[in-house]
Amino acid sequence: MFTFDKVKDDSSLIEALHELIANHPSLGFWKRYYRLRRQGFTCNHKRLYRVDTLRKLNVRRRAKRRLPQRIKEPLILPVALNESWSMDLLSDSLVEGRRFRILNVFDDYNRESLAIEIDTSLPALSVSRGLERLMQGREKPKRIRVDNRPEFISEKLHTFCKSYGIELKFIQPEKPVKNALVERNNGSLKKELLDAYLFFSLEEVSQMSGEWRLDYNSARPYQAPGFVPPLEYP
């Protein structure tokens, strides 16, 4: 007479696995196994491997970084210099195809272009150093408005701003209009410089962007402050 073993119910194990992977997507098989053992599951590694494979839980999932909830705030215009800066990053390429990044820093009060940093890469540490150089010859801002790109939500930039007593203000994700002032400046920079010329070296980009910034601040009438250049705005 043949007898059959009762099929084991894996539902609780599967539920625990799903929860573990959702909270720790980068864990490998053995770390998941020992975590489950510590949670009280007595299954051996062969059973866990079978469940892993059948449910395709052994496929490594790339975790998407969750952004904290951003408060909906209106874009309030400052009433003095260095009260509020805006900051953004752009990308372009040289004639040879090599990509480069552009850090654009902007004073929201008089619409002055404060700095245009050029490099092949501008991680959070480079952004912090660029701000530090800028503040050596200028009063530090009370706050800086940025979007939610990785360079700006980095702990390194957060620590830097905190050390200087600067508040980082994050706009709502995918709402560039919330950073409209620097976005408009970006548009002028792209139209009048990046899209208008071919660049053969980073030195050429730096030189021409410096010339563009000088003209923008000292000679270009800006409509909002009364058709005067940023440096002449009272």
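At what angle do helix 4 and helix 6 pack, and how far apart are their axes? Keep the question in mind while setting up the view; the tour begins with the model as a whole and then turns to that pair.

**Colour by confidence**

This is a predicted model. Its mean pLDDT is 83, and 82% of the residues reach 70 or more. Select residues 1-7: here the pLDDT is below 50, and the stretch has zero contacts in the model beyond near neighbours in sequence. Where pLDDT is low, the predicted coordinates should not be read in detail. Hide residues 1-7 if they distract, and go on.

**Helix 4 and helix 6**

Select residues 124-135 for helix 4 and residues 155-163 for helix 6. Two packed helices are described by the angle between their axes and the distance between the axes. For helix 4 and helix 6 the angle is about 25 degrees and the axes are 8 Å apart. An angle under 35 degrees counts as roughly parallel, so helix 4 is roughly parallel to helix 6. Their crossing is right-handed.

Now show side chains. On helix 4, the contact is made by A124, V127, S128, L131, E132 and M135; on helix 6, by K156, L157 and F160. Sorted by class, the contact of helix 4 with helix 6 has six nonpolar residues, one polar and two charged.

**The sheet**

Switch to a cartoon view and find the strands. Five of them form an open sheet, in the order 3-2-1-4-5, with mixed pairing. Strand 3 (112-119) and strand 5 are the edge strands, each pairing on one side only. From one strand to the next the twist averages 25 degrees. Strands of a sheet pair through backbone hydrogen bonds, either parallel or antiparallel.

Start at the strand 3 edge. Select strand 2, residues 99-107: strand 2 and strand 3 are antiparallel and share seven bridges. To see one bridge, pick R101, whose partner in strand 3 is D119.

Next, select strand 1 (residues 84-93) and strand 4 (residues 143-146), which pair in the parallel sense over three bridges. Pick S84; its bridge partner in strand 4 is R143.

Finish at the other edge with strand 5, residues 167-170, which runs parallel to strand 4 and is joined to it by four bridges. Here R145 stands opposite K169 of strand 5.

**R138, in a loop**

Which residues does R138 contact, leaving aside its neighbours within four places in sequence? Select R138, in the loop between helix 4 and strand 4. Its contacts, with those neighbours set aside, are L81, N82, W85, D107, E112 and L114. Add N82 to the selection and draw a distance between the two C-alpha atoms: R138 and N82 are 56 residues apart in sequence, yet 8.5 Å apart in space.

**Helix 8, over the sheet and against helix 7**

Select residues 202-218, which make up helix 8; this helix lies across strand 2 and strand 3, and runs at about 175 degrees to strand 3.

Keep helix 8 selected and add helix 7, residues 180-194; the two pack at an angle of about 125 degrees, with axes 11 Å apart. That angle makes helix 7 oblique to helix 8. The crossing of helix 7 and helix 8 is right-handed. Show the side chains of N185, S188, L189, E192 and L193 on helix 7, and of M208, S209, W212 and Y216 on helix 8: these residues make the contact. By class, the contact of helix 7 with helix 8 divides into five nonpolar, three polar and one charged.

**Helix 1 and helix 2**

The last stop is towards the start of the chain. Select helix 1 (residues 11-23) and helix 2 (residues 29-38), whose axes come within 11 Å and cross at roughly 120 degrees. Helix 1 and helix 2 are therefore oblique to each other, and their crossing is right-handed. Which residues meet in this pair? From helix 1 come L13, A16, L17, L20 and I21, and from helix 2 come R32, R35 and L36. The contact of helix 1 with helix 2 has six nonpolar residues, no polar residues and two charged ones.

Key: Residues are numbered from 1 along each chain as its sequence is written. This is a predicted model: local features need pLDDT of at least 70, side-chain atom pairs count only at pLDDT 80 or more; totals for chains, interfaces and linings use all residues. Side-chain values use heavy atoms; hydrogens and water are left out. Axes are lines fitted to C-alpha atoms, for helices over the stretch in contact, and angles run from 0 to 180 degrees between N-to-C directions. Angles under 35 degrees count as roughly parallel, over 145 as roughly antiparallel, 65 to 115 as roughly perpendicular and the rest as oblique. A crossing is left-handed if the near helix is turned anticlockwise from the far one by less than a right angle, and right-handed if clockwise. Contact means heavy atoms within 4.5 Å. Ala, Val, Leu, Ile, Met, Phe, Trp, Tyr, Cys and Pro count as nonpolar, Asp, Glu, Lys and Arg as charged, and the others, Gly among them, as polar. pLDDT is the predictor's confidence in each residue, from 0 to 100. Two strands pair if DSSP finds at least two bridges between them.
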